[in-house]
Amino acid sequence: MKQHILSFLLALIAITNLSAINNLGGLHPSLSNVSEDYLKNNKMIPVVIELTDQYDTLELYQEVINLSRTERRAHTVNTLQQYSIERQSDLRDELISMEAVGLVKNVTFLWIVNAICLQASYSTLQELSLRNDIATIFYDGWENLLISELDDIDDSRENGIIATRNKNLATGSPTANVTRIRAPQVWGQGYRGEGVTIAVLDTGVNYNHRDLVNNLWNHPNYPNHGYNFVSDTNDPMDDNGHGTHCAGTVAGDGTSGSQTGVAPNATIMAIKVLAANGSGNYQSTVSGIQFSVENGADILSISLGWRNANEAIKRSIRQTMVNTMNAGVVASVAVGNEGRNPNVPNNVRTPGNCPAPWQHPDQTLQGGQSAVVSVGATDNNDRRANFSSIGPVTWSNVSPFNDYPYGPEMGLLVPDVMAPGVNINSLRHDNNTGYRTTSGTSMAAPAVAGIMALMVSKDPHITPEEVSRILEETAVNSPESKNGTFGSGRADAYNAVEEVVGTTPPNQAIRPTPQVGAQFIGS
């Protein structure tokens with residue numbers, strides 16, 4: 001009875017005094033942006049519960065730094081899963097009971113960070129916030145995370161161009177961006193991305209496109225080559241176009257006429273984390289990253305991000321990317337398209353503003369690492385595209401990191417590298433043989449993911465730290481020192497792969513079976 005009275009009083013406070021949100025227990029100020037309609041009608045609010053106990057990422061890094069990539073993944077996944085099961089135990093039991101009686105719903109237990117996503121009424125959240133094992137509860141509403149592409153031709157012209165492109169490129173000629181970064185020279189050495197799995201976290205992938213059907217991840221529990229974290233189904237079909245375009249830049253094999261893929265024999269894991277309108281949230285994104293790490297992805301291609309994310313999202317996303325690195329996985333992440341009106345040090349989106357696995361010597365201001373290689377866009381003359389977001393960024397106000405202060409010091413120098421991002425021809429989602437041309441840092445990041453795949457195909461044991469270092473050290477058109485406008489220069493596939501100490505080139509006639517990982521917990 002006392003509990004019901006408390007719930008009633010807390011709900012009454014929520015309705016009559018919305019300003020009190022900022023001052024109650026572990027409730028994050030982001031909940032003050034929740035509409036009054038949610039509160040007055042006691043509607044379910046999507047939130048993330050960040051637990052007080054988080055596995056020490058630096059300690060975990062020391063545990064895995066001398067292990068192979070395969071061992072790193074196994075140790076990191078097992079350690080974090082066991083830790084979350086132990087530390088979430090009491091809260092997990094309570095939430096399961098609450099879900100059974102309808103007080104909460106859609107509960108998802110995460111382990112790549114010690115967090116739980118769910119929906120609950122505001123009064124229920126207030127009660128939960130009083131627990132000492134909860135650090136904070138923050139709002140997880142859906143918002144536009146798509147780093148929107150910038151079309152250079154309209155649909156009416158594009159529809160007429162597709163047939164011409166297919167006809168002109170009947171020999172499978174590489175697209176201009178693929179040629180510019182010298183990927184064909186790497187193919188000539190025998191490295192085309194064999195045995196490397198790239199998770200494309202985006203609006204989904206048209207897995208029926210002829211240029212991708214031979215390059216798709218297979219798993220007996222996931223019949224459509226990935227997972228859909230928007231609708232929580234096994235069907236990650238693209239209903240926007242952005243994700244298929246990105247996947248084509250990673251691994252389109254030219255079957256329909258245009259060789260769009262930097263690593264045309266690599267394997268695509270289709271991870272849908274954004275809806276048709278480009279909206280996504282923390283739960284969909286982090287669940288997608290967690291799934292990819294657990295199920296054997298070597299590389300993540302991420303062309304999405306939060307603009308002006310609050311410190312709770314920044315903290316948890318960065319911790320996710322740190323643990324991704326700990327698992328031996330590297331990520332190519334777009335910086336964003338807000339460069340025309342830069343607001344430094346807040347111009348780069350999250351997670352593109354996370355630090356790289358390797359720290360460039362010019363980054364004299366020391367700080368932490370993560371899996372993220374942040375990627376800006378160049379134009380057809382290898383200059384920075386004017387829309388490409390610029391750094392530096394800072395983490396000085398995000399606990400527990402509190403590193404890379406911006407003023408008067410340098411902050412974190414991002415982007416790390418650049419890649420072609422203007423007038424990029426790649427695959428359509430609504431035509432199984434079609435192509436389209438568009439621009440954006442979203443188009444640059446998959447190209448770098450493709451370069452990473454070529455590097456891993458040469459040396460399957462290469463670490464995220466080595467990939468990051470080599471990409472920066474072998475970039476071309478490099479400035480005198482790394483900076484927040486052009487990074488370390490434009491990535492070059494041939495230079496990067498030449499620097500990799502690898503193995504004998506694989507037999508091109510053999511396509512290895514994609515790596516199969518453990519089942520995803522909580523999907």
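Contact here means heavy atoms within 4.5 Å of each other. With that in hand, let us walk through the chain.

This is a predicted model, in which local features need pLDDT of at least 70 and side-chain atom pairs count only at pLDDT 80 or more, while totals for chains, interfaces and linings use all residues. Residues are numbered from 1 along each chain as its sequence is written, and side-chain values use heavy atoms, with hydrogens and water left out.

**The chain as a whole**

The chain has 15 helices and 18 strands; these are DSSP runs numbered from the N terminus, helices being H or I with at least four residues and strands E with at least two. Of the 523 residues in the chain, 61% are buried, where buried means under 20% relative accessible area, exposed over 50% and partly exposed in between (1.4 Å probe, protein chains only). Among contacts between residues at least 6 apart in sequence, 78% join residues at least 24 apart. The accessible surface comes to about 19,100 Å², and 48% of that belongs to carbon and sulfur atoms. Such areas come from the Shrake-Rupley method with a 1.4 Å probe, and for residues only the protein chains shown count as cover.

**Helix α12 and its partner**

Helix α12 covers residues 311-326, 16 residues in total. From first C-alpha to last it reaches 22 Å, close to the 22 Å expected at 1.5 Å a residue; the expected span is 1.5 Å times one less than the number of residues. Is α12 mostly covered or mostly uncovered? Mostly covered: 15 of its 16 residues are buried.

Both ends are worth a look. At the start of α12, a side-chain oxygen of Asn310 comes within 2.9 Å of the backbone nitrogen of Ala312. Just after α12, Gly328 has a positive phi of about 85°.

Helix α3 (residues 57-64) packs against α12 at an angle of about 10°, with the axes 9 Å apart. The two helices are therefore roughly parallel, a label for angles under 35 degrees (over 145 is roughly antiparallel, 65 to 115 roughly perpendicular and the rest oblique). From α3, the contact uses Thr57, Leu60, Tyr61 and Val64, and from α12 it uses Gln319, Val322, Asn323, Met325 and Asn326.

**Four buried residues**

| Residue | Place | Relative accessible area |
|---|---|---|
| Ala334 | strand β14 (residues 330-334) | 0% |
| Thr350 | loop between β14 and β15 (372-378) | 1% |
| Thr197 | strand β8 (residues 197-202) | 2% |
| Phe387 | loop between β15 and β16 (417-420) | 4% |

What does Ala334 touch, not counting residues up to four places away in sequence? Its contacts are Ile147, Ile302, Ser303, Gly352, Val375, Thr441, Ser442 and Ala445. The C-alpha atoms of Ala334 and Ala377 are separated by 8.5 Å, though these residues are 43 residues apart along the chain.

Thr350 shares a polar contact of 3.1 Å with Asn353, side chain to side chain. A polar contact is a pair of N or O atoms within 3.5 Å; within protein, one must be able to donate a hydrogen and the other to accept it, and residues adjacent in sequence count only if both atoms are side-chain atoms. Beyond four places in sequence, Thr350 touches Leu304, Gly305, Trp306, Ala309, Lys314 and Ile317.

Thr197 and Ile268 are 71 residues apart in sequence, yet 5.9 Å apart in space, C-alpha to C-alpha. For Phe387 and Ser439, the figures are 52 residues and 9.5 Å, C-alpha to C-alpha. Leaving aside neighbours within four places in sequence, Phe387 has contacts that include Leu150, Asn337, Arg340, Ala377, Val422 and Ser439.

Methods:
Axes are lines fitted to C-alpha atoms, for helices over the stretch in contact, and angles run from 0 to 180 degrees between N-to-C directions.
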